[in-house]
Amino acid sequence: MNAGLTILEIAVVALGLGVMLLDLWTPTERKRELGLYAAVVVLGILGASFVLDLSGEAFGGMYVLDGMAMFFKRLTLFAMVVVLVMSVEVGDQLKSGIAEYYSLTLFAGAGMMFAASANNLAMLFVSLELITVTFYILVSAQRSQARSLEAGVKYLIIGALSSAVMVYGIALVFGIAGDLTFAGLAAKSAAHSGSLLFLLGVFFILLGLGFKVSSVPFQLWAPDVYQGGITPTSAFLAVGSKAAGFVLMLRLLFVAFPSIAQDWATLLAAISGITILYGNLGAIPQRNLKRLMGYSSIAHGGYLMMGVAAVSAAGQSATMVYLGGYTFTALAAFAVIAIVAKTVEGEDISSLAGLHRRSPVLALAMTLALISLTGLPPMAGFFGKFMLLKSVIHAAEANTAYYWLIAAAVFGVVVSVYYYFNVIRTIFFVEGNNDDAPIEISRPLSFSLFACVAGMLVLGLYPDAVVSFAIEAVGALG
Amino acid sequence: MNNLTLIIAIPFLAALGMLFLPRREKDLAQQVAMLATGATALLAIALFVKFETGLPGFQFESKIPFAKALGIWFHFGVDGVNVGLILMGAIVGFAATCVSFDEIRDRQKEFYILLLVMIGGILGSFASMDIFMFFFFHEFALVPTFIMIGVWGRGVDKNYATFKITLYLVVGSMISLAGLIALYLQAPEPRTFNMVELAQIFRDNPIAFGQQNLIFPLLMFGFGILVSLWPFHTWAPLGYGSAPTATAMMHAGVIKKFGLYGLIRIAVPMCPEGAQNWLPLLAFLCLGNILYCGFVAMKQKDLNLLIGNSSVAHMGFVFLGIASLTLIGVTGAVLVMVAHGLLAALTFGLSGYLYGQTRTLDMDRMGGYLNQLPFIGAAMVMAMMAGCGLPGFANFAGEAMVFFGAWKAYPFVTTLAVWGALVIGAVYMLRAIRNILHGEENADNKVSLNDAADWRKRAPFALLLATLLVFGFAPRLLTSKIQPSAKAIVDAANGIETRLVEVAQLDAPAKGGETDLNDVE
């Protein structure tokens, strides 16, 4: 059994249940504070993940704890801390049920952590459903707002569709190969790679994962849902849900179906390129910050796919490093949006006007996040994009289709300069017509922002440790 | 930390420290920046003096890990080619900080932080011996440029200019990044980003011609866009015209040299066959810079646009020198890079001073300013003269060497380029002097002007002029340093045999193939 390996997940689930219980005895006006305590405990769990020496397999190989799983678990735990702090900040937007919101965030996080360790198709499906079902509620948490409910319904319909497609794919694969474990499938996939039904099954599973990472053709929900949900939800969707999708995709393609990944390299490259173009071009006319981040997150899903499409160890480690950088970057951007939207009461880009006078710290953090999203030195986004480009250019020597992907990525970066820098322009050049009153930032949130900025800078200026870790973790995938 | 590392670290450390300066101390920011860039400039002068001419390889090397698993290091070092560029960059950086005192009266702290990041970035780029770092440091300037033009810039086209300059620069950067990565991947495992090792690897095992033929144009056009190669030059005059003085000085003077340096240091020696194949095209495109932009400069009514176009035109000479693939031509190209950096900074600094006094740069509304501005006016006459290639300034020495070097390979292009340099350049430069400084004062637009009276205002211009004159009268100070390093680059680009033939024809036959630039001078 070796269930002790899941100690981190157990701790998070127990914390979620504990928050639910505490909610019963906490007076209404103090319920928001519960999130802070939860964040501190999650921070403790994150610390414990560095102290405890955990590795191995549990539940008969369904659950694997290797370097890659640990990498994503830590990212998820960090994201949970920031998301919890953010939701304490904007908690007054929820009429009721703030404690449930915290618990559900923790459950979704537990799902992401299980996903990082999934080594079996059943485990993959269960952990994904744990994430998706909790997000159905989180997205529509602002029950009184039509926009929030609309987002929830959209997420529910497309999410249910993609789950259905995925479970159908799993059924097909299991029916043909008679195995659910990734290791077993790896041994059998070569033999079945001529079977159309088997390939269809794998394709359907990938489509389902495409929904999680909002890649074409399952990208349509992202802008609406990001805009409709409250900001911490959007942040968690952008970061955690995407990370879970990618860790599953990496494992599925390179552990379970390595030969199929080779065959489908061109298809993966095409999906990646089209996603990059869709996200970046769609972001140009956006005026709402969260909607902009929605399109931007589609584009980043496309960039992350580049590393998958490269079908090489270099590509996989690039995807991991990029995801690390993206986590810090997107969380910082969403945190700033949350504070500004709360103070200025607007999510339009123009609500950032004059931000550099009202809060130089927020202006600096947002600018650095935007630079990182664009992919310019010295931020994490640049180094990640560099690694991704490097892996794809390397792959292009064997398969010329990748040249189109390189062109799409380069074009995407240029386009993204236009809309990200437009936000920078608003922060610095456009004078706000509203008052110049300084914006207050609570201490926990400024601590989270600082951690995000530090993460971006460390990954951009001294990525040595993370790169070595990622390369080692990918090497263990085999 | 050795001398070179300090030169790069000081601007960044000063920028970091400045974050914590109290906002109400408005002038303190400029003083800190002046102190930092002044120290950088002094260290750069010391570096230049201590640099031992004739030693092979790099000096003042230092290495700090960045991502060891990928073979990327913060690896700095100087040889003959970049020692002059670092000196020029540091001096221009100091001058740019000095001239900003009167112009930047709002949000000083932010401005000087951005300026220092820009200066540290480009010096780091010049000093890097690692291809990744070379690119990495260059990009530091992008966001500061955008914000500086947008916040402190001038003119109605400011908003348009910010996006145009940024988008062009990103396009150029991304194309050259793709080229650099493709180049890096040509080396066998374990791969390195070290320029010297890569050059060695590619000398021993040249890249297949097909690959070279693909990588070289990526680098040539990517870097070309960053250097405002015709027809991708339109961002430059507009951007410089809208930028605050210090930004225009840094960008036109120093940051634009990044692409040229990349061509000389990386593209030409590592893809020699690609270079042989593509450089003739560059030679013809450079005519676009020299002639077309020269004509455009002639038509300008606005002084900044004139200077901007003339600065684009001057880039043509460097391209021509590189395209010649001769030792004299490449050495001359590096000399022009240094000279033009100083000159562009000087002219933009002076026009910025004028703008501060008159609030307009429309030459039709100016006239007779020399009476009121003896120092600034005289400096401007000298700068304009340097710009049309008057002997005594470093520009002349460099341009003459480029023409000598390019004559054999491209006689037609060189003839037109000489004509463009001497005639077109003289027309617009002299016309600007007549319109602005000489003649009657414009009756509609009478202004009382203050000349740069005290040392603090004169220092930046005097420093730039003095450096130009020193290198103009004694170009050997630079060429003797450039020559050995340029020789290695030209050798790699031509293959040894070609070089000997080439040199023997240019040089006195008795010398048996050994080059001595002093004979040509």
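Q: Which residue stands opposite B:Ile72 in S2(B)?
A: This is a predicted model, so let's start with how its strands in chain B pair up. S1(B) and S2(B) run antiparallel, with six bridges joining them. Across from B:Ile72 in S2(B) you'll find B:Ala67.

Q: In the hairpin of S1(B) and S2(B), which residue takes a positive phi?
A: The two strands are antiparallel, and four residues sit between them in the hairpin. One residue there has a phi near 75°, and that's B:Gly71.

Q: How many of the seven residues of S2(B) are buried?
A: Take the two faces in turn. On one side B:Ile72, B:Phe74, B:Phe76 and B:Val78 are buried, and on the other so are B:Trp73, B:His75 and B:Gly77. The strand is therefore largely enclosed by the rest of the structure, and the count is seven of seven.

Q: What span should the 25 residues of H2(B) have at 1.5 Å a residue?
A: H2(B) covers residues 26-50, and its end C-alpha atoms are 37 Å apart. That agrees with the expected value, which is 36 Å.

Q: Which strands are included in what covers the buried residues of H2(B)?
A: The buried residues of this helix include B:Ala29, B:Val32, B:Ala36, B:Thr40 and B:Leu47. An α-helix has 3.6 residues a turn, so residues three or four places apart point the same way. Helices H1, H3 and H4 of chain B are part of the cover, and the strands in it are S1 (59-67) and S2 (72-78).

Q: How many residues of H7(B) are buried?
A: H7(B) runs over residues 158-185 and reaches 40 Å from its first C-alpha to its last, close to the 40 Å expected. The helix is mostly covered, and of its 28 residues the buried ones number 21.

Q: Which residues have the most contacts inside the largest nonpolar core?
A: In soluble globular proteins, nonpolar side chains tend to be buried together. Here the largest nonpolar core has 411 residues, and the ones with the most contacts inside it are A:Ala332, A:Ala335 and B:Ile86.

Q: Which helix gives the largest share of this core?
A: The core has 411 residues. Its largest share is 20 residues, and they come from a chain A helix spanning residues 313-344, namely H14.

Q: Which Phe does B:Ile86 touch, leaving out residues up to four places away in sequence?
A: B:Ile86 is one of the residues with the most contacts inside the core. Its partners include B:Ile7, B:Ala44, B:Leu47 and B:Val78. Further along chain B come B:Leu123 and B:Ala127, and the Phe is B:Phe126.

Q: Which element gives the most to the side of chain A that touches chain B?
A: The contact takes 25 residues from chain A and 28 from chain B. On the chain A side, the elements giving two or more residues are helices H17, H18 and H20. By class that side has 20 nonpolar, two polar and three charged residues. With ten residues, the top contributor is H18(A).

Q: What is the radius of gyration of chain A?
A: Chain A has 20 helices and two strands, and 62% of its 478 residues count as buried. A compact globule with that many residues would come out near 23 Å, which agrees with the chain's own 21 Å.

Q: Why is chain B as compact as a globular protein of its length?
A: Chain B has 22 helices and two strands. Its C-alpha trace spans about 65 × 50 × 40 Å along the principal axes. For 521 residues the globule rule gives 24 Å, and chain B is close to that, so it is as compact as a globular protein of that length, with a radius of gyration of 22 Å.

Definitions and conventions: Residues are numbered from 1 along each chain as its sequence is written. Chains are lettered from A and ligands numbered from 1 in the order in which they are written. This is a predicted model: local features need pLDDT of at least 70, side-chain atom pairs count only at pLDDT 80 or more; totals for chains, interfaces and linings use all residues. A nonpolar core is a set of buried Ala, Val, Leu, Ile, Met, Phe, Trp, Tyr and Cys residues joined through C-beta atoms within 7 Å. A residue is buried if 20 or more other C-beta atoms lie within 10 Å of its own, exposed if 12 or fewer, and partly exposed in between; C-beta atoms are placed from the backbone. Two residues are in contact if their C-beta atoms, placed from the backbone, lie within 7 Å. The radius of gyration is taken over C-alpha atoms; the globule rule is 2.2 Å times the number of residues to the power 0.38. The expected span of a helix is 1.5 Å times one less than its number of residues. Ala, Val, Leu, Ile, Met, Phe, Trp, Tyr, Cys and Pro count as nonpolar, Asp, Glu, Lys and Arg as charged, and the others, Gly among them, as polar. Two strands pair if DSSP finds at least two bridges between them.
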